[in-house]
Amino acid sequence: MTVAEFRPPRSVIRRSSGNWALQSALDRRGLGPVAGVDEAGRGACAGPLVVAACVLKPGDGRRFEGLTDSKALSEDERERLFDRITARALSWSTVVIPAEEVDALGIHVANLEGMRRAVARLSEHPGYVLTDGFRVQGLATPSVAVVKGDMVAACVAAASVLAKVTRDRLMSEELHRAFPVYGFDVHKGYCTPMHSARLTEHGPCEEHRWSYANVVAAAQRHGMRSPRAVSSKPGLFDASEGEVVDNEVL
């Protein structure tokens with residue numbers, strides 16, 4: 001018997017299944033439950049990074065009409081799907097990584113760590129994990145990175161909705177109430193013209209990411225130093241020198 005004869009048959013991915021096709025193929029091969037993982041807030045310069053993981057029920061696609069990348073949905077659509085996901089998912093979790101931790105770890109490392117935490121918090125241990133865009137080491141379960149995963153895999157899209165709605169609520173409610181001058185309820189901490197103008201006018205607050213170039217530049221104008229007592233990057237938070245993140249290219 002040759003080596004080729006030991007190989008299992010390939011799973012058929014049916015295009016008619018839409019963004020449930022990949023999950024369905026893995027489920028048919030006995031590799032489920034399948035979890036999707038995604039984040040919100042990676043490109044913002046203020047507020048937390050939020051990472052979510054989600055396991056949807058096999059064959060539940062008809063219950064999630066319109067489920068896709070959260071950025072392609074309206075706020076009302078995201079809220080509707082958030083309620084449906086939290087009610088019907090086999091398991092889901094969200095992890096909120098504060099700006100202070102993003103500064104200490106760096107955005108990419110914080111994102112990877114958040115994905116590991118989110119998967120670990122699932123009550124339904126996944127047999128396979130789909131991540132959006134890049135591979136995540138240390139998940140303790142088989143995984144694969146899916147290009148544009150939040151558009152082609154329903155469980156990743158569900159995770160993106162969970163992360164986006166959770167973060168938007170934090171920015172619109174808690175952070176906006178605490179720091180109303182920045183308009184966090186409008187731009188959610190992203191680098192919009194409005195946010196840039198408010199940042200220039202008032203300087204950064206403790207909820208800004210002080211490892212980001214535009215935040216450091218605004219702090220310099222106001223002679224401000226970072227509120228972070230401890231940093232993994234000595235000298236970074238002098239707002240005068242050191243390696244900073246150019247968030248314009250994130």
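Start with the lining of the largest pocket: its residues divide into 3 nonpolar, 3 polar and 8 charged. The model on your screen is a predicted one.

**Stop 1: the largest pocket**

Show the surface and look for a pocket with a volume of about 240 Å³, the largest in the model. Of the 14 residues that line this pocket, select E39, A40, G41, K71 and Y190, which are the closest to its centre. Next, colour strand β1 (34–40) and helix α7 (154–178), the elements that give two or more residues to the lining. Which of the elements gives the most to this lining? Strand β1 does, with 3 residues. Behind such a search is a simple idea: rolling a probe the size of a water molecule over the atoms shows where empty space is left.

**Stop 2: the whole chain**

Zoom out and switch to a cartoon view. You can count 10 helices and 5 strands in the chain. There are 250 residues, and 47% of them count as buried. The accessible surface comes to about 12,300 Å², and carbon and sulfur atoms hold 51% of that area. Now consider contacts between residues at least 6 apart in sequence: 59% of these join residues at least 24 apart.

**Stop 3: helix α2**

Select residues 21–28, which make up helix α2. Which of its residues are buried? They are A21, Q23, S24, A25 and L26. Show β1, β4 (128–132) and α7 as well, since the buried residues of α2 pack against these three elements.

L22 is in this helix too, but with 23% relative accessibility L22 counts as partly exposed. The cut-off explains the label: a residue is buried under 20% and exposed over 50%, so the value for L22 falls in between. Draw a distance from the C-alpha atom of L22 to that of C155. The viewer should give 9.7 Å, although L22 and C155 are 133 residues apart along the chain.

**Stop 4: from α2 towards β1**

Move along the chain to G30, just after α2, where phi is positive at about 75°. Then select G32 and P33 and look at the peptide bond between them. Is this bond cis or trans? It is cis, with an omega of about -5°. P33 sits in the loop between α2 and β1. As background, most residues other than glycine have a negative phi, and most peptide bonds are trans.

**Stop 5: aromatic pairs**

Show the side chains of the aromatic residues. The model has 3 aromatic pairs. One of them is W20 with F64: the ring centres are 6.2 Å apart and the planes are at 35°, so the pair is tilted. W20 is in the loop between α1 (3–6) and α2, while F64 is in the loop between β2 (49–55) and α3 (75–88), so this pair ties together parts that are 44 residues apart in sequence. Are these two residues buried or exposed? W20 counts as buried at 8% relative accessibility, and F64 is buried as well, at 3%.

Now select F82 and W92, another aromatic pair. Their rings lie 6.4 Å centre to centre with 65° between the planes, an edge-to-face arrangement. F82 belongs to helix α3 and W92 to strand β3 (residues 91–97), so the pair ties together parts that are 10 residues apart in sequence. F82 is buried, with a relative accessible area of 9%, whereas W92 is partly exposed at 34%.

**Stop 6: two lysines with a positive phi**

Select K148, in the loop between β5 (143–146) and α6 (149–152). Its phi is positive, about 55°, although K148 is not a glycine. Then select K188, in the loop between α8 (184–187) and α9 (193–202). K188 is not a glycine, yet its phi is positive at about 60°.

Switch the surface back on and look at each lysine in turn. Is K148 buried or exposed? K148 has a relative accessible area of 55%, so it counts as exposed. And is K188 buried or exposed? K188 has a relative accessible area of 14%, so it counts as buried. The tour ends here.

Technical notes:
Residues are numbered from 1 along each chain as its sequence is written. This is a predicted model: local features need pLDDT of at least 70, side-chain atom pairs count only at pLDDT 80 or more; totals for chains, interfaces and linings use all residues. Side-chain values use heavy atoms; hydrogens and water are left out. Helices (H or I, at least four residues) and strands (E, at least two) are DSSP runs, numbered from the N terminus. Buried means under 20% relative accessible area, exposed over 50%, partly exposed in between (1.4 Å probe, protein chains only). Contact means heavy atoms within 4.5 Å. Accessible areas come from the Shrake-Rupley method with a 1.4 Å probe; for residues, only the protein chains shown count as cover. On a 1 Å grid over the protein atoms alone, a cavity is a set of points where a 1.4 Å probe fits but cannot get out, and a pocket is an open set with protein on both sides within 12 Å along at least five of seven lines; lining residues have an atom within 4 Å of a point. Grid points are joined across faces, edges and corners, and a volume is the space filled by probe spheres set on the points. Ala, Val, Leu, Ile, Met, Phe, Trp, Tyr, Cys and Pro count as nonpolar, Asp, Glu, Lys and Arg as charged, and the others, Gly among them, as polar. Rings of Phe, Tyr and Trp (its six-membered ring) pair if their centres lie within 6.5 Å; planes under 30 degrees apart count as stacked, over 60 as edge-to-face and the rest as tilted.
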